[in-house]
Amino acid sequence: MFPAIEPQVLIAVGLAAGVTYSLRLGGLLLASRFPRSGRFRRGMDALPGALLFSLVLPSIVAEGVWGLMAAALTAIVVLRTRNTLAAMLCGMLVIFAVRKMG
Amino acid sequence: MKRRKPEMIRGARANVPVAASAMAYGSVLGVLAAQKGLSWLDMMYMNTAVFAGAAQFVMVDMWSNHLPVFEMTLAVLVINLRYLLIGASLDPLFSGRGALHKMGMMHLVADENWAVTMSEQRTGSATTWFLFGGGVFLYLAWSSGTLIGLLGGGFITRPEEYALDFAFTAVFTALAVGLWRGKGDVVPWIVAGAAALLVHKFLPGKWYIVAGGLAGAVSAMLGTCEPVEVEEAEDVPSY
């Protein structure tokens with residue numbers, strides 16, 4: 001059975017897609033007009049790390065002390081082994097164990 | 001151009017760990033989508049057209065018989081505002097590339113393959129095809145995850161029990177470690193973290209990501225002009 005896509009779904013998802021793609025491409029195209037050295041560039045170079053850190057920190061903190069432990073273990077494992085998958089699983093294991101016990 | 005294929009394969013390989021997390025995360029979305037009555041075609045249309053995990057979760061959450069089209073679009077705009085910054089941060093990688101190349105590559109940029117590419121670039125060997133290969137692989141993993149959840153239905157009714165909700169956090173924590181550049185990052189990261197926590201506490205939605213990222217970048221801009229900063233970060237390999 002082949003389902004059909006309703007017009008309203010077509011529109012809603014289409015708009016969401018348009019917005020998302022515009023942001024992705026817009027950021028890139030705008031950035032190519034930015035200065036390539038000096039203060040501004042320094043800020044842009046610091047951006048990826050700051051952004052990623054901001055993405056994870058609230059959800060780590062939300063897990064409390066064990067969230068911080070899980071994140072620390074994840075960081076140590078990835079630094080030691082350079083293996084992101086192993087690091088992820090170690091972090092998850094801590095949270096899994098804590099929730100099982102708690 | 002000859003290096004296109006090997007670069008894509010290298011990008012796909014580097015994304016295996018994050019794709020595993022995306023698949024787990026996607027299966028949770030699929031279960032939710034099934035409860036909201038999305039068909040597999042709706043799901044695949046969304047995966048292909050939007051391809052942004054967090055936004056898709058919110059869209060499915062807002063799903064009903066009469067879709068709130070305007071609110072949905074606005075929500076997606078806010079959640080995905082970070083892509084403006086993510087796109088901007090990719091500028092060094094795309095330097096010297098034409099408009100068509102940029103337009104073709106940017107659609108499949110997600111948090112995951114972006115972060116993998118940024119940490120690869122820190123060691124100096126990322127390319128746009130590496131980014132794209134990761135995107136394609138991630139798209140396949142994400143789509144299969146969502147479909148497994150949607151069609152397989154409630155086999156994971158309580159994903160928190162298996163810490164599946166922490167997979168996302170853990171994998172991005174590991175990736176953040178790869179973006180750490182040393183002492184110079186201490187201040188920007190502290191500022192970013194503080195801003196993110198504050199905004200997370202007081203504003204709904206995903207504003208905290210944008211706020212934290214911007215605060216960190218601005219603090220790096222305002223920082224003292226150490227002359228050490230001459231290291232060429234945009235050392236994109238020539239080919």
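In the predicted model described here, Val191(B) sits in helix H11 of chain B, a segment that covers residues 186-202. With a relative accessible area of 31%, Val191(B) is partly exposed. This valine belongs to a nonpolar patch on the surface, formed together with Trp180(B), Val186(B), Val187(B) and Ile190(B). Taken together, the five residues of the patch offer about 420 Å² of accessible area.

The chain that carries this patch is helical in its secondary structure, with 12 helices and zero strands. Reading chain B along its sequence accordingly gives the pattern α-α-α-α-α-α-α-α-α-α-α-α. The radius of gyration of chain B is 19 Å, close to the 18 Å expected from the globule rule for 239 residues, so chain B is as compact as a globular protein of that length. Along the principal axes, the C-alpha atoms of chain B fill a box of roughly 60 × 50 × 35 Å. Of the 239 residues in chain B, 56% are buried. Contacts across the sequence also deserve a look: among those in chain B that link residues at least 6 apart, 76% join residues at least 24 apart. The accessible surface of chain B amounts to about 10400 Å², and carbon and sulfur atoms account for 67% of that area.

Two further positions in chain B help to fill in the picture. Val136(B) is located in helix H9, which spans residues 128-152, and is partly exposed, at 27% relative accessible area. Once neighbours within four places in sequence are set aside, Val136(B) is in contact with Met8(B) and Leu108(B). Leu222(B), by contrast, lies 86 residues from Val136(B) along the chain, and the C-alpha atoms of the two are separated by 38 Å. The other position, Phe51(B), falls in the loop that connects helix H3 (40-49) with helix H4 (53-61) of chain B. Phe51(B) is buried because its relative accessibility is 3%, and the limit for a buried residue is under 20%.

The backbone at Phe51(B) invites a closer look. Most residues other than glycine have a negative phi. At Phe51(B), however, phi is positive, near 50 degrees. Chain A offers a second case in Arg82(A), whose phi is likewise positive and near 60 degrees. Arg82(A) is also a loop residue, placed between helix H3 (65-81) and helix H4 (84-101) of chain A. As for its surroundings, Arg82(A) counts as exposed, with 58% relative accessibility.

Turning to chain A as a whole, its secondary structure consists of four helices and zero strands, which follow one another in the pattern α-α-α-α. Chain A has a radius of gyration of 21 Å, whereas a compact globule of 102 residues would have one near 13 Å. The C-alpha trace of chain A spans about 60 × 50 × 25 Å along its principal axes. Buried residues account for 46% of the 102 residues in chain A. The accessible surface of chain A is about 5200 Å², with 71% of this area belonging to carbon and sulfur atoms.

The two chains share an interface in which 92 residues of chain B are in contact with 68 residues of chain A. The size of an interface is often given as the accessible area lost when the parts come together. Between chain B and chain A, the buried area is about 6900 Å², and carbon and sulfur atoms give 75% of it. On the chain B side, Tyr45(B), Phe166(B) and Met221(B) lose the most area to chain A, and together these three residues contribute 10% of what that side buries. Salt bridges between chain B and chain A number zero.

Gln8(A) gives a local view of contacts between the chains. This glutamine is part of helix H1 of chain A, which runs over residues 7-31. Apart from residues up to four places away in sequence, Gln8(A) touches Ser64(B), Asn65(B), His66(B) and Leu67(B). Gln8(A) counts as buried because its relative accessibility is 19%, and the cut-off is under 20%.

Definitions and conventions
Residues numbered from 1 in each chain as written. Chains lettered and ligands numbered in written order. Predicted model: local features only at pLDDT ≥ 70, side-chain atom pairs only at ≥ 80, totals over all residues. Heavy atoms only, no water. Helix = DSSP H or I, 4+ residues; strand = E, 2+ residues; numbered from the N terminus. Rg over C-alpha atoms; globule rule 2.2 N^0.38 Å. Buried < 20%, exposed > 50% of the residue type's maximum accessible area, 1.4 Å probe, protein only. Areas by Shrake-Rupley, 256 points an atom, 1.4 Å probe, with all protein chains shown as cover. Patch = residues over 30% accessible without salt bridge, like charges linked within 9 Å, V, L, I, M, F, W, Y side chains within 5 Å. Salt bridge = Lys/Arg side-chain N within 4 Å of Asp/Glu carboxyl O. Contact = heavy atoms within 4.5 Å. Buried area = accessible area lost by both parts, 1.4 Å probe.
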